[in-house]
Amino acid sequence: MAQDRNHSLAYIRTEMVQDQPAPINAKGPVAWLRQNLFATIPDTLFTIFALLLLVYIIPPMFRFLITDAIWTGDSREACIVPGAGACWAFVDAKFAQFMYGRYPFEERWRVDLTGILLVAGVIPLAMPSVPYKKWNAIFVLIIFPILAFILLTGKFGLEPVQTSLWGGLLVTLVVAIVGIVVSFPFGIFLALGRRSNMPIIKMLSIIFIEFWRGVPLITVLFMSSVMLPFFLPDGVSFDKLLRALVGVTLFASAYMAEVIRGGLQAIPKGQYEAGDAMALTFWQSTRLIILPQALTLVIPGIVNTFIGLFKDTTLVLIIGIFDLLGIVQLNFTDANWASSKTPATGLIFAAIIYFIFCFGMSRYSMYMERRLDTGHKS
């Protein structure tokens with residue numbers, strides 16, 4: 001028996017086994033390809049079809065946009081060369097108009113300064129690790145709009161610039177930013193109003209939301225620009241851009257309200273009861289408990305509304321306001337640059353600009369969604 005106790009059995013280890021790398025089919029590029037592109041037979045067929053389609057599309061696109069493209073030139077003559085691709089010389093010649101519209105050349109520094117102030121305020125606000133968020137928000141939401149209004153319109157000694165001279169990316173950003181910033185809090189109050197227990201508040205909120213959601217934005221802009229002056233007293237008028245801003249904001253607020261209402265309905269009843277148990281008032285409970293959770297749940301819907309609003313700014317062309325797409329299309333009529341490649345190049349340029357802004361908003365919303373995701377339990 002003693003000899004058996006001293007005998008070391010072969011199937012019992014006397015020391016820990018060293019860590020081994022994961023199998024190649026469980027981790028790494030090969031595993032990712034198997035899980036995402038070749039998991040099943042249909043996935044494999046779709047992946048092969050997509051690869052063949054990309055092989056068919058990408059080379060001619062690359063030749064048109066890069067290899068055979070015309071990058072320099074002073075007129076259409078440079079872009080009508082046989083076999084020529086995109087006419088980027090047209091974009092280079094008209095770039096200033098695409099950005100500023102007809103804003104006076106000597107005053108464009110004011111637009112540049114406004115853009116710098118916007119970037120300087122938004123980037124720290126969007127970075128969670130940057131301190132002093134309260135003061136940063138005060139600057140972006142209160143101080144910056146005042147400074148931007150003074151700089152762009154011309155106050156306190158600056159040369160006045162009529163909004164009829166604004167255009168291009170400047171107008172697109174003004175309409176989009178004003179619509180986003182104003183429609184968000186307005187949508188919150190409309191969503192709360194629609195869920196209110198007070199009949200009058202609830203009825204007014206429902207009427208407002210359903211009316212604006214039931215009317216196309218192009219109709220709203222047309223009414224605000226063409227029909228509204230007929231209902232105003234003689235001698236009273238509003239700036240055309242201001243009318244467009246009001247129409248876009250009211251329209252976006254209705255859609256924002258429905259998105260936020262969905263988040264409010266997703267909050268379990270226990271969260272409301274928790275606020276009551278802590279003796280919080282309705283507004284305290286809403287601000288500290290309900291809204292933070294509701295807004296976190298509907299971040300994708302909120303950003304989707306913002307992206308839709310940014311793209312809908314192109315509709316202001318219907319009332320004679322030339323945004324980025326409108327000013328690009330307007331320059332197609334320039335006889336000095338009339339060619340078969342000019343329209344395609346201009347539209348591709350506009351598409352790239354819109355994609356950059358919309359893709360940026362989408363990526364940031366995904367980042368915030370991951371950061372704020374703590375799990376939702378009923």
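**Close-ups of a predicted model**

**View 1. E258 and R261 pair up through their side chains.** The side chains of E258 and R261 meet in a salt bridge, 2.8 Å from N to O; a salt bridge here is a side-chain nitrogen of Lys or Arg within 4 Å of a carboxyl oxygen of Asp or Glu. Side chains of opposite charge can pair when their charged atoms come close. Because E258 and R261 sit three residues apart in helix α10, about one helical turn separates them. Helices (H or I, at least four residues) and strands (E, at least two) are DSSP runs, numbered from the N terminus. Both E258 and R261 are buried; buried means under 20% relative accessible area, exposed means over 50%, and partly exposed is in between (1.4 Å probe, protein chains only). For E258, the relative accessibility is 18%, so this residue counts as buried.

A quick note before the next views: this is a predicted model, where local features need pLDDT of at least 70 and side-chain atom pairs count only at pLDDT 80 or more, while totals for chains, interfaces and linings use all residues. Residues are numbered from 1 along each chain as its sequence is written, and side-chain values use heavy atoms, with hydrogens and water left out.

**View 2. R194 and R213 also form salt bridges with E258.** How far apart are N and O where the side chains of R194 and E258 meet? The distance in this salt bridge is 3.0 Å. R194 belongs to helix α7 and E258 to helix α10, so the pair ties together parts that are 64 residues apart in sequence. R194 is buried, just like E258. R213 forms a salt bridge with E258 too, and there the closest N and O atoms are 3.9 Å apart. This pair links distant parts of the chain, with R213 in helix α8 (residues 199-213) and E258 in helix α10, 45 residues apart. R213 has a relative accessible area of 33%, so this residue is partly exposed.

**View 3. Zoom out a little and the salt bridges join into a network.** The side chains of E258 and R261 meet in one of these bridges, and bridges that share partners join R194, E210, R213, E258 and R261 into one network. How many salt bridges does a search of the whole structure find? The search finds eight.

**View 4. Helix α7 packs against α10.** Two packed helices are described by the angle between their axes and the distance between the axes. For α7 and helix α10 (residues 240-265), the angle is about 45° and the axes are 6 Å apart. Axes are lines fitted to C-alpha atoms, for helices over the stretch in contact, and angles run from 0 to 180 degrees between N-to-C directions. The two helices, α7 and α10, are therefore oblique to each other; angles under 35 degrees count as roughly parallel, over 145 as roughly antiparallel, 65 to 115 as roughly perpendicular and the rest as oblique. The crossing of α7 past α10 is right-handed, a word used if the near helix is turned clockwise from the far one by less than a right angle, with left-handed used if anticlockwise.

**View 5. Helix α7 also crosses α13.** The axes of α7 and helix α13 (residues 299-312) come within 9 Å and cross at roughly 150°. That makes α7 roughly antiparallel to α13. This crossing of α7 and α13 is right-handed.

**View 6. A nonpolar patch lies on the surface.** L141, I142, I143, I146, L147, I177, V181 and V182 form the patch, and together they have about 630 Å² of accessible area. The elements giving two or more residues are α6 (133-153) and α7 (169-194). Helix α6 provides the largest share, five residues. One patch member, I146, is found in helix α6 and is partly exposed, with a relative accessible area of 49%. Patches are made of residues with over 30% relative accessible area and no salt bridge: like charges are joined within 9 Å, nonpolar side chains (Val, Leu, Ile, Met, Phe, Trp, Tyr) within 5 Å. Accessible areas come from the Shrake-Rupley method with a 1.4 Å probe, and for residues only the protein chains shown count as cover.

**View 7. Y132 and F156 each have a positive phi.** Most residues other than glycine have a negative phi. Y132 is not a glycine, yet its phi is about 60°. Y132 lies in the loop between α5 (108-126) and α6 and counts as exposed at 65% relative accessibility. F156 is not a glycine either, and its phi is about 55°. F156 lies in the loop between α6 and α7 and is exposed, with a relative accessible area of 76%.
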